[in-house]
Amino acid sequence: MPGGHPGSIGGSIKGNAGGAFGDIGSAVRAVTVMDTHSRVSARDKDDLVFEYRKSNINAKFILDATFGLSEDDRSAS
């Protein structure tokens, strides 16, 4: 995957990893990123775009991520 390590959280976010359950982008609420000039910035959900196996995150490093999760329906299993 260009620009990310798919086995890491940062690479999974940048590449919008997913499977039968959906994609990681649907759970991301915010990220903190850093570019190659050490500029750090925060981006929230309204600023992020996730598509099939990609995102609009162009920064070199994802430093932090906040996820919004929901409880599973136990009766569905």
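A residue counts as buried when its relative accessible area is under 20%. Arg43, at 15% relative accessibility, is therefore classed as buried. This assignment, like those that follow, refers to a predicted model.

The protein comprises 1 helix and 7 strands. From the N terminus, the order of elements is α-β-β-β-β-β-β-β. Along the principal axes, the C-alpha atoms occupy a box of roughly 50 × 25 × 20 Å. Of the 77 residues in the protein, 25% are buried. Among contacts with a separation of 6 or more, 55% link residues 24 or more positions apart.

Strands β3 (residues 28–34) and β4 (residues 40–44) run antiparallel and are joined by 5 bridges. Within this pairing, Thr32 is placed opposite Ala42 in β4. The two strands form a hairpin with 5 residues between them, and Ser38 in the turn has a positive phi of about 65°. Most residues other than glycine have a negative phi. Positive values are also found at two loop positions, Asn16 with phi near 45° and Arg53 with phi near 60°. Asn16 lies in the loop between α1 (9–14) and β1 (18–19), whereas Arg53 belongs to the loop between β5 (50–51) and β6 (54–55). The accessibilities of these loop residues are 1% for Asn16, which is buried, and 39% for Arg53, which is partly exposed.

The largest nonpolar core consists of 9 residues: Ile13, Ile24, Val28, Val31, Val33, Leu48, Phe50, Ile57 and Ala59. Strand β3 supplies the largest share of this core, with 3 residues. In soluble globular proteins, nonpolar side chains tend to be buried together. One of the core members, Val28, is in contact with Ile13, Lys45, Leu48, Phe50, Thr66 and Phe67 when neighbours within four places in sequence are set aside. Of these contact partners, Ile13, Leu48 and Phe50 are themselves listed in the core.

The model contains 3 salt bridges. Asp35 and Arg39 are linked through their side chains at an N to O distance of 2.7 Å. Arg39 is exposed, with a relative accessibility of 53%. A second pair is formed by Arg43 and Asp47, whose closest N and O atoms are 3.4 Å apart. The Arg43 side of this pair is buried, whereas Asp47 is partly exposed at 38% relative accessibility. The remaining pair joins Glu51 to Lys54, with the closest N and O atoms 3.5 Å apart. Both residues of that pair are partly exposed, Glu51 at 42% and Lys54 at 45%.

Lys14, in helix α1, is buried but has no salt bridge. The nearest side chain of opposite charge is that of Asp35, 12 Å away. Because a salt bridge requires the nitrogen and the carboxyl oxygen to be within 4 Å, a separation of 12 Å places Asp35 outside the cut-off for Lys14. A polar atom of the Lys14 side chain instead lies 3.2 Å from the backbone oxygen of Ala59, a residue of the nonpolar core.

The backbone oxygen of Lys14 is in turn reached by the side chain of Ser55 at 2.9 Å. Ser55 lies in strand β6 and is buried, with a relative accessibility of 16%. A polar atom of the Ser55 side chain is also 3.3 Å from the backbone nitrogen of Ile57. Not counting residues up to four places away in sequence, Ser55 touches Ile13, Lys14, Val49 and Phe50. Two of these, Ile13 and Phe50, appear in the nonpolar core, as does Ile57. Ser55 thus has polar contacts with the backbone of Lys14 and of Ile57, alongside its contacts with core residues such as Ile13 and Phe50.

Conventions
Residues are numbered from 1 along each chain as its sequence is written. This is a predicted model: local features need pLDDT of at least 70, side-chain atom pairs count only at pLDDT 80 or more; totals for chains, interfaces and linings use all residues. Side-chain values use heavy atoms; hydrogens and water are left out. Two strands pair if DSSP finds at least two bridges between them. Helices (H or I, at least four residues) and strands (E, at least two) are DSSP runs, numbered from the N terminus. Buried means under 20% relative accessible area, exposed over 50%, partly exposed in between (1.4 Å probe, protein chains only). A nonpolar core is a set of buried Ala, Val, Leu, Ile, Met, Phe, Trp, Tyr and Cys residues joined through side-chain atoms within 4.5 Å. Contact means heavy atoms within 4.5 Å. Lys and Arg count as positive and Asp and Glu as negative; His and the chain ends are not counted. A polar contact is a pair of N or O atoms within 3.5 Å; within protein, one must be able to donate a hydrogen and the other to accept it, and residues adjacent in sequence count only if both atoms are side-chain atoms.
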